[in-house]
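Biologist: Please give me one close look at a single part of this model, with its surroundings. Which residues have the most contacts inside the largest nonpolar core?

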Amino acid sequence: MTQTAPTSPPAGKQMLSEQVYALLRDAIMRGDYAPGDALKPQDLAKQQGVSLAVVREALVRVVGEGLADRLPNRGFAVPAASDRRWQEIAEARRTIEPVVLRMSIERGDVDWEARVRAAHHRLARTPAYLPDEGEYYSSSWSEAHRLFHRTLLEGCGNPVLLETFDRMWTASELTRRWSAHRAPDRDGVDEHRRLEEAALARDADTAAEVLVRHLTRTAAVLTDCAPRARDEV
């Protein structure tokens with residue numbers, strides 16, 4: 001018996017799903033939705049003027065990134081904020097990222113070194129705060145920050161580990177956006193500089209130690225800063 005190859009969704013539908021996904025992702029990261037808010041496919045479809053199928057595809061992608069939860073018999077919702085959730089994310093990052101950084105330092109080549117240096121230069125030259133973005137980190141700094149940390153790990157050469165980092169990072173950034181909390185006494189510039197120096201010196205022990213301290217300080221800043229879900233207030 002011959003098998004029929006699965007058909008791909010029409011290009012128009014894919015494009016619409018991509019647009020809805022991008023809009024929804026940006027809205028969640030901006031804080032347009034509070035922790036625990038329902039994401040109702042019917043409402044989203046009406047707002048965007050698209051079909052339910054398109055919205056559901058977009059929601060599944062958002063769930064895959066950790067920016068929404070799929071609730072049994074209750075549809076979709078923005079993750080509820082809690083100290084426990086953030087502590088679990090922080091614990092996962094402190095466990096996984098130093099190991100991947102060690103691998104990256106061991107396996108990374110000269111091109112990786114150049115990318116690390118360039119990513120750190122971009123981060124150091126990008127303002128963390130802009131007047132029109134208020135208490136939040138600027139979007140340009142947030143992207144430079146993500147790129148620096150990801151580039152540090154890319155030398156590992158393992159896409160599965162990097163996908164794990166991407167998911168953890170997105171969850172961390174969501175909590176950071178919700179907290180809108182500054183730490184004026186923290187010298188993040190020095191922390192990132194020390195990370196770059198240790199990585200490029202191929203000093204895996206120091207780099208891992210610096211990264212653990214860096215992640216621990218971040219967790220300390222954000223713990224107890226995340227707001228409660230609206231239905232918990």
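Modeller: What follows goes from the whole chain to the core, and then to particular residues in and around it.

This is a predicted model, in which local features need pLDDT of at least 70 and side-chain atom pairs count only at pLDDT 80 or more, while totals for chains, interfaces and linings use all residues. Residues are numbered from 1 along each chain as its sequence is written, and side-chain values use heavy atoms, with hydrogens and water left out.

The protein has nine helices and three strands, where helices (H or I, at least four residues) and strands (E, at least two) are DSSP runs numbered from the N terminus. Read from that end, the elements follow the order α-β-α-α-β-β-α-α-α-α-α-α. Of its 233 residues, 41% count as buried, a word that here means under 20% relative accessible area, with exposed set at over 50% and partly exposed in between (1.4 Å probe, protein chains only). Taking a contact as heavy atoms within 4.5 Å, residues 24 or more positions apart account for 70% of the contacts with a separation of 6 or more.

The core you ask about can now be described. A nonpolar core is a set of buried Ala, Val, Leu, Ile, Met, Phe, Trp, Tyr and Cys residues joined through side-chain atoms within 4.5 Å. The largest one has 27 residues, and those with the most contacts inside it are Leu101, Ile105, Val116, Phe148, Leu152, Leu153 and Leu195. Two or more residues come from each of helix H4 (83-107), helix H5 (110-125), helix H6 (139-154), helix H7 (159-179), helix H8 (188-200) and helix H9 (204-222). A second core, of 22 residues, is separate and includes Leu24, Val50, Leu67 and Leu174. As a general background, nonpolar side chains tend to be buried together in soluble globular proteins.

Helix H6 deserves attention here. It has 16 residues and reaches 22 Å from its first C-alpha to its last, close to the 22 Å expected at 1.5 Å a residue, the expected span being 1.5 Å times one less than the number of residues. Its buried residues are Trp141, Ser142, Ala144, His145, Phe148, His149, Arg150, Thr151, Leu152 and Leu153. Leu153, leaving aside neighbours within four places in sequence, is in contact with Glu97, Val100, Leu101, Ser104, Leu162 and Phe165. Ser142, also in H6, is buried because its relative accessible area is 12%. With residues up to four places away in sequence not counted, Ser142 touches Tyr137 and Glu173, and its C-alpha is separated by 8.9 Å from that of Leu123, which is 19 residues away along the chain.

Glu97, one of the residues in contact with Leu153, is placed in helix H4 and counts as buried because its relative accessible area is 2%. Apart from neighbours within four places, Glu97 is in contact with Leu153, Phe165, Met168, Leu211 and Leu215. The side chain of Glu97 is also joined to that of Arg93 by a polar contact of 2.5 Å; such a contact is a pair of N or O atoms within 3.5 Å, where within protein one must be able to donate a hydrogen and the other to accept it, and where residues adjacent in sequence count only if both atoms are side-chain atoms. Ala92, likewise found in H4, is partly exposed, with a relative accessible area of 26%. From C-alpha to C-alpha, Ala92 and Thr164 are 9.9 Å apart, although their positions lie 72 residues apart in sequence terms.

Towards the C-terminal helices, His214 in helix H9 is buried, as its relative accessible area is 5%, and its side chain makes a polar contact of 2.5 Å with the side chain of Glu191. In the loop between H8 and H9 lies Arg202, which has a positive phi of about 60 degrees although it is not a glycine. Arg202 counts as partly exposed, at 31% relative accessibility.
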